[in-house]
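Today I am going through the aromatic rings and the cysteines of this one. Notes follow, in the order I looked things up.

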Amino acid sequence: MVKQHDLTGKSQLSLKKRAFITGITGQDGSYLAEFLLEKGYEVGGFIRSSSTGHLGNVDHLRSEIQFFRGSLDDERSIEAAVSEFKPDEIYNLGAEASPADSFKRRVYTSDINALGPLRIYESALRLKRSGRNVKVYQASTSELYGAPPVAPQDENTLMKPNNPYGAAKLLAHHNARILREGSEKLFVVCGILFNHESPRRGMQYVTRKVTVGVACIVNKVKNPPLNEAGKPIITKDWKFEMGALNTKRDWGYAKEYIQAMWLMMQQDEPDEFVIATGETHSIQELLEVAFKHVGLDWRDHVVQNPDFLRPLETGPSHAPLWGNPAKAKKVLGWEAKVKFKELIGIMVDSDLAKFS
């Protein structure tokens, strides 16, 4: 027995559980690994078969995690890892590409984001049939809603994705429901997470692109990282290229969102939940807040580049992606505490230190 602390800070005793995480080296996976280790779990996770040993965001945890080489497109590696580790909980956070990048890699994105989860479900079913009570968390996404007809969106809003990433995720989401409600009765929950960011977010995502860009401008970085077009993120005259500025999103803090994942898995019955802040902000607001945090005016540095526009995007005739987390608050007791301005400040400060 190991003494732990619940989300309210109260001391409790917890049995040693085993959790397996796909995508463990990414933003969500690394925060979740830290969270579960603090709760006394044994934690395992995938690293790519081609990995040279760099563990990304969990490098500081390498001695505390059991790693397996594998991938969501390799059924044998999934089965080998699950059979050996025998987890009580499987968190499928692995995914391919950002929504914008998925237009360039439609087939591979679909293999990883649609069929990958199905391979996880099948492996969990085999473990369940062997007599082990296993629970599965599937990372769904606000991209399931595409260009929604209403706002905010909840668990019952029409799902009509606008990119290959969301379309693939929708297949995985429906297969989870089928296994949850059908004769198999697999305990599989779906977290419909709206955009969640942190200093660990990849630079292909707009929030991190902006905070890295701001840091490079402020610190006059001579060799800035590359943007999605393969060019320096900041031009020689300290300009910053962006796509659409009127697009709105519901942005929250990833470190808080993994708590919601865990809470879903502790329920008596599996279900699906929207996890969001309940607020929406535009990319222009993101730029305003990030540049203002360092005392600059975004209009002095930002130029629009049509090459950065998505082929299909939520437009002014549609409602913005904006989550209604009422069910999560009522059932899970979860709500976002870190709001937009504080989140962007955290990210800017982190990148100012990193790109100095």
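I began with charges over rings, keeping in mind that the model is predicted. Arginine 18 turned up over the face of phenylalanine 85, at 4.7 Å from the ring centre. I then found a lysine in a similar role: the charged end of lysine 327 sits over the ring of phenylalanine 273, 5.0 Å from its centre.

Phenylalanine 85 made me curious about its ring partners. I see that ring pairs join Phe85 with Phe20, Phe46 and Phe68 in a cluster.

Next I asked how many aromatic pairs the structure holds. My count is nine aromatic pairs. I picked out tyrosine 91 and tyrosine 137 for a closer look: their ring centres are 6.0 Å apart and their planes are at 35°, so I logged the pair as tilted. The tilted label needs an angle that is neither under 30 degrees (stacked) nor over 60 (edge-to-face).

Where do tyrosine 91 and tyrosine 137 lie? I placed tyrosine 91 in strand β6 (residues 89-92) and tyrosine 137 in strand β7 (residues 135-141), so this pair ties together parts that are 46 residues apart in sequence.

Buried or exposed, I wondered, for tyrosine 91? Tyrosine 91 counts as buried because its relative accessibility is 0%. Tyrosine 137 is also at 0% relative accessibility, and so I noted it as buried.

Last came the cysteines. I looked for disulfides, and the count comes to zero. I checked cysteine 190, which is buried at 0% relative accessibility. Cysteine 216 has 0% relative accessibility as well, so it goes down as buried.

Key. Residues numbered from 1 in each chain as written. Predicted model: local features only at pLDDT ≥ 70, side-chain atom pairs only at ≥ 80, totals over all residues. Heavy atoms only, no water. Phe/Tyr/Trp six-rings, centres within 6.5 Å; stacked < 30°, edge-to-face > 60°. Helix = DSSP H or I, 4+ residues; strand = E, 2+ residues; numbered from the N terminus. Buried < 20%, exposed > 50% of the residue type's maximum accessible area, 1.4 Å probe, protein only. Lys NZ or Arg CZ within 6 Å of the ring centre and 35° of its normal. Disulfide = S-S within 2.5 Å.
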